[in-house]
Amino acid sequence: MRLISWNIDSLNAALTGTSPRAEMTRGVLKNLHDLDPDVLALQETKLPASGPSKKHQAALADLFPEYDFVWRSSMEPARKGYAGTMFLYKKGLDPVVTRPEIGAPEPMDFEGRILTLEFPDFYVTQVYTPNAGNGLVRLGDRQEWDKCYRAYLEELDKKKPVLASGDFNAAYQEIDLKHPENNHHSAGFTDEERAGFGQLLAAGFTDTFRQIHGQVEGVYSWWAQRVRTAKANNSGWRIDYWLVSNRLADQVEKSEMIETGERADHCPILLEIKL
């Protein structure tokens, strides 16, 4: 099975925008289609609360004609047109779709951050983890989110093995970012967030990238858009993951980043696994 996950930083803009960045994003989407994934998970879709418009749906049908799609958008009391997730999966797969609420601090459960597909023998779930914010103003809420999300995955794992993807907003080890020495008090690399991610792994889940590649350095999934030289200098962070239940770890065949050329922000991540 081949699966891809990507924080797209606005599917809305990618499907309807005319900017050079929107064109680049559409180019990446076309490349992802050509890679023929069984499942494609998208985070930070920024779609309306009502979901994709007719224009969005027509564009998706043009880009991914062999796929069905489901979504979860941010809705009141959360901010509209914010966060959000979507799955595209090959027609005929017919998973059961759930949009869980995990008891996270408000309004996180209303921001469309988790979407789950249930197949006969396993789950595929994706997450767009809340950022701790400028000045770490949401660090406390983020720590509570991490506890609630971990409990959610543990409950799934009791029933069937889990494949969990997404933007976890945490660089776990120092080798997961270019400049760890400057970022111990930055959102995504605080001791608290790293500890939370470690507790998730300890709960029975495997970081598939490290499973395949060991302690390789210099491989990242996010480069700051606002720093023009970040991508060119590979000054990045690895904050996007495919995790699997430990009992599936030996079935992972490939886990890697997908190149996006000059386009900064997140790159898609690929998982190939025998199921």
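**A buried threonine, a sheet and the spaces around them**

Guide: Threonine 208 has 0% relative accessibility, so it counts as buried. The model is predicted.

Visitor: Where does threonine 208 lie, and which residues does it touch?

Guide: Threonine 208 is part of helix 6. Leaving aside residues up to four places away in sequence, its contacts are Trp242, Leu243, Val244, Val252, Ser255 and Leu271.

Visitor: How should I read a sheet, and what is the strand order in the open sheet of six strands?

Guide: The general idea is that strands of a sheet pair through backbone hydrogen bonds, either parallel or antiparallel. In this structure the open sheet of six strands has mixed pairing and follows the order 5-6-7-8-11-9. Its edge strands, each paired on one side only, are strand 5 (96-98) and strand 9 (205-207). On average, and ignoring direction, neighbouring strands of the sheet are turned by 20° against each other.

Visitor: How many bridges join strand 9 to strand 11, and which residue stands opposite aspartate 207?

Guide: Strand 9 and strand 11 (residues 240-245) run antiparallel and are joined by three bridges. Aspartate 207 has leucine 243 of strand 11 opposite.

Visitor: Which strands does helix 4 lie across?

Guide: Helix 4 (residues 139-159) lies across strand 5, strand 6 (114-118), strand 7 (123-128), strand 8 (162-167), strand 9 and strand 11. Its angle to strand 7 is about 175°.

Visitor: How is empty space found, and how many cavities of 30 Å³ or more are there in the whole structure?

Guide: In general, rolling a probe the size of a water molecule over the atoms shows where empty space is left. For this structure, the search finds two cavities of 30 Å³ or more. The largest cavity has a volume of about 90 Å³, and the second largest holds about 60 Å³.

Visitor: Which helix gives the largest share of the lining of the largest cavity?

Guide: Helix 4 does, with five residues. Helix 5 (191-202), like helix 4, supplies at least two residues of that lining. Among the lining residues of the largest cavity are Arg142, Trp145, Glu193 and Phe197. By class, this lining divides into six nonpolar, two polar and four charged residues.

Visitor: What lines the second largest cavity?

Guide: The lining is made up of Asp207, Thr208, Phe209, Arg238, Asp240, Tyr241, Trp242, Ser255, Glu256, Met257, Ile269 and Leu270. Thus the buried threonine 208 appears again, here as a lining residue. Helix 6 (208-213), strand 11, strand 12 (252-257) and strand 14 (269-273) each supply at least two residues of the lining. The lining has six nonpolar, two polar and four charged residues.

Visitor: What volume does the largest pocket have, and which residues lie nearest its centre?

Guide: The largest pocket holds about 1,200 Å³ of space. Of the 36 residues that line the largest pocket, Asn131, Asn134, Asn169, Trp222 and Arg226 lie nearest its centre. The classes in the lining are 10 nonpolar, 17 polar and nine charged residues.

Visitor: What about the second largest pocket: what is its volume, and how does its lining divide by class?

Guide: The second largest pocket contains about 190 Å³ of space. Its lining has six nonpolar, one polar and five charged residues. The charged residues Arg21, Arg228, Lys231, Glu262 and Arg263 are in that lining, which also includes Met24, Gln225 and Val227.

Terms used: Residues numbered from 1 in each chain as written. Predicted model: local features only at pLDDT ≥ 70, side-chain atom pairs only at ≥ 80, totals over all residues. Heavy atoms only, no water. Pairing = 2+ DSSP bridges. Helix = DSSP H or I, 4+ residues; strand = E, 2+ residues; numbered from the N terminus. Axes fitted to C-alpha atoms, helices over the stretch in contact; angles between N-to-C directions. Contact = heavy atoms within 4.5 Å. 1 Å grid on protein atoms, 1.4 Å probe; cavity = no way out; pocket = protein on both sides within 12 Å on 5 of 7 lines; lining within 4 Å. Points joined across faces, edges and corners; volume = space filled by probe spheres on them. Buried < 20%, exposed > 50% of the residue type's maximum accessible area, 1.4 Å probe, protein only.
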